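Q: I would like a close look at a single part of this model, the first helix of one chain, together with what it packs against and the setting in which it sits. Please take me through it step by step.

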Amino acid sequence: MISLTELQRDAFTELLNIGMGRAAAALSEMVSEEVMLSVPFVDFMSRHDASALIQEKGSERIMAVSQAFSGLFWGDTMLVFPETKSLELVRSFIQESFPLEDMTEMEQEAFMEIGNIILNSCIGSIANMLHQEVSSSLPSLWRGACTDILGGQHASDTDDVVMFLRMDFSLQERSIDGYVMFIIDGNAIAALQASIDEFLSHV
Amino acid sequence: MAAVTTVLIVDDSRLSRMMIRTFISNAHPDWSIVEASNGQEALEKTAACPVHVMTIDLNMPGIDGLTLATQLREHHPTAHMSLITANIQDSVRQRAAAAGVRFIPKPVTEEHILAFLAGMETRHD
């Protein structure tokens with residue numbers, strides 16, 4: 001069974017907070033608007049419960065960009081928006097660069113790029129703080145029901161306990177809410193714990 | 001004899017509080033440090049004592065750091081304050097400046113803390 005000390009849990013949360021701060025600054029530059037950030041949430045739960053928690057936010061159909069990351073710790077990270085709002089975000093990002101008739105073609109690519117920048121800002125700053133190198137896979141785009149997407153990636157282990165880190169953000173002028181989450185499984189959590197302990201030993 | 005300098009560290013992360021406390025204590029081992037994990041606790045702990053230096057996180061449960069800074073300023077008008085936050089957007093820096101509060105980005109470093117404290121010493125000289 002996974003267990004964290006209070007300080008390890010605090011450190012995980014704070015690393016996510018700092019990582020998302022960097023990511024929000026990048027997103028803010030892209031869309032020329034302030035990004036409001038929530039207090040981070042960290043807990044252990046099954047993938048199924050993580051999916052249920054996401055649906056409580058009312059986002060049954062979502063558009064998401066996911067990236068697997070690997071190195072001394074590993075897992076999946078995902079940027080998620082409600083499907084309808086994701087198109088608004090993309091349009092606000094690319095409207096000055098592309099004519100409207102090309103928009104549909106560009107939407108997916110632009111959304112992947114937004115995800116790539118945000119997720120890498122977040123992972124990169126966490127890795128830097130831990131003095132680790134973490135590499136990311138190419139981003140994958142997902143569109144559909146969130147249970148299908150979360151269950152679909154790892155259908156065989158939906159009952160495994162994972163560490164679920166989540167931080168919500170919003171663009172108030174556009175009423176767009178989204179979130180970033182990390183899903184890290186048992187073996188990777190142990191590796192991440194070791195990195196955190198090494199980091200804490202220098203504080 | 002000069003009164004002891006009192007520092008308030010407000011952050012919901014214990015890790016961040018530990019780091020900030022370590023950097024300040026290394027530079028000024030004789031200073032008194034009060035910690036709070038949220039805005040309400042900060043207000044309660046400082047209601048009856050003078051505070052000279054404050055570091056305040058922005059993104060906390062309950063009162064946010066900038067609102068807290070404004071409330072603390074009413075009781076401690078000469079305190080040297082800095083926001084210490086992972087939210088490094090320009091808009092946040094601007095709001096901090098407008099509130100007369102310094103800005104230190106996370107992850108917090110000893111260099112940033114020492115520069116912040118040096119600013120206080122310059123201002124008070």
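A: The part to begin with is the meeting of the two chains in this predicted model, where A:L7, A:D10, A:A11 and A:E14 in α1(A) meet B:R14, B:L15 and B:S16 in α1(B). The residues of this contact divide into three nonpolar, one polar and three charged, so charged and nonpolar side chains both take part alongside the polar one. The helices concerned are α1 of chain A, residues 6–31, and α1 of chain B, residues 14–27, and they pack with their axes 7 Å apart at an angle of about 90°. An angle from 65 to 115 degrees counts as roughly perpendicular, and α1(A) and α1(B) are therefore described as roughly perpendicular to each other.

The helix pair belongs to the wider contact between the chains, in which 18 residues of chain B touch 19 residues of chain A. On the chain B side, the largest share comes from α1(B), with six residues. By class, that side of chain B is made up of eight nonpolar, eight polar and two charged residues.

Within its own chain, α1(A) also packs against α6(A), the helix of residues 186–200, and here the axes come within 10 Å and cross at roughly 95°. These two helices are therefore likewise roughly perpendicular to each other. The residues that meet are A:L7, A:Q8, A:A11 and A:F12 from α1(A), and A:Q193, A:I196, A:F199 and A:L200 from α6(A). This contact divides into six nonpolar, two polar and no charged residues, whereas the contact of α1(A) with α1(B) includes three charged residues. A:L7 and A:A11 are listed in the contact with α6(A), and they are listed in the contact with α1(B) as well.

The setting of this helix is a chain with six helices and eight strands, which follow one another along the sequence as α-β-β-α-β-β-α-α-β-β-α-β-β-α. Of the 203 residues in chain A, 41% are buried. Among the contacts in chain A between residues at least 6 apart in sequence, 73% join residues at least 24 apart.

Turning to the strands of chain A, β3(A), which covers residues 61–71, pairs with several partners. With β4(A), residues 75–82, the pairing is antiparallel over eight bridges, and a hairpin of three residues joins the two strands. With β6(A), residues 140–145, β3(A) pairs in the antiparallel sense over six bridges, and with β5(A), residues 134–136, it does so over three bridges. Individual residues show how these pairings are laid out: A:M63 stands opposite A:F81 in β4(A) and also opposite A:R143 in β6(A), while A:F69 stands opposite A:S136 in β5(A).

A last point concerns chain B away from its first helix, where B:R93 is found in α4(B), the helix of residues 90–98. B:R93 has 16 C-beta neighbours inside 10 Å and therefore counts as partly exposed. The C-alpha atom of B:R93 is separated by 22 Å from that of B:V7, a residue 86 positions away along the chain.

Notes: Residues numbered from 1 in each chain as written. Chains lettered and ligands numbered in written order. Predicted model: local features only at pLDDT ≥ 70, side-chain atom pairs only at ≥ 80, totals over all residues. Axes fitted to C-alpha atoms, helices over the stretch in contact; angles between N-to-C directions. Helix = DSSP H or I, 4+ residues; strand = E, 2+ residues; numbered from the N terminus. Parallel < 35°, antiparallel > 145°, perpendicular 65-115°, else oblique. Contact = placed C-beta atoms within 7 Å. Buried ≥ 20, exposed ≤ 12 C-beta atoms within 10 Å, placed from the backbone. Pairing = 2+ DSSP bridges.
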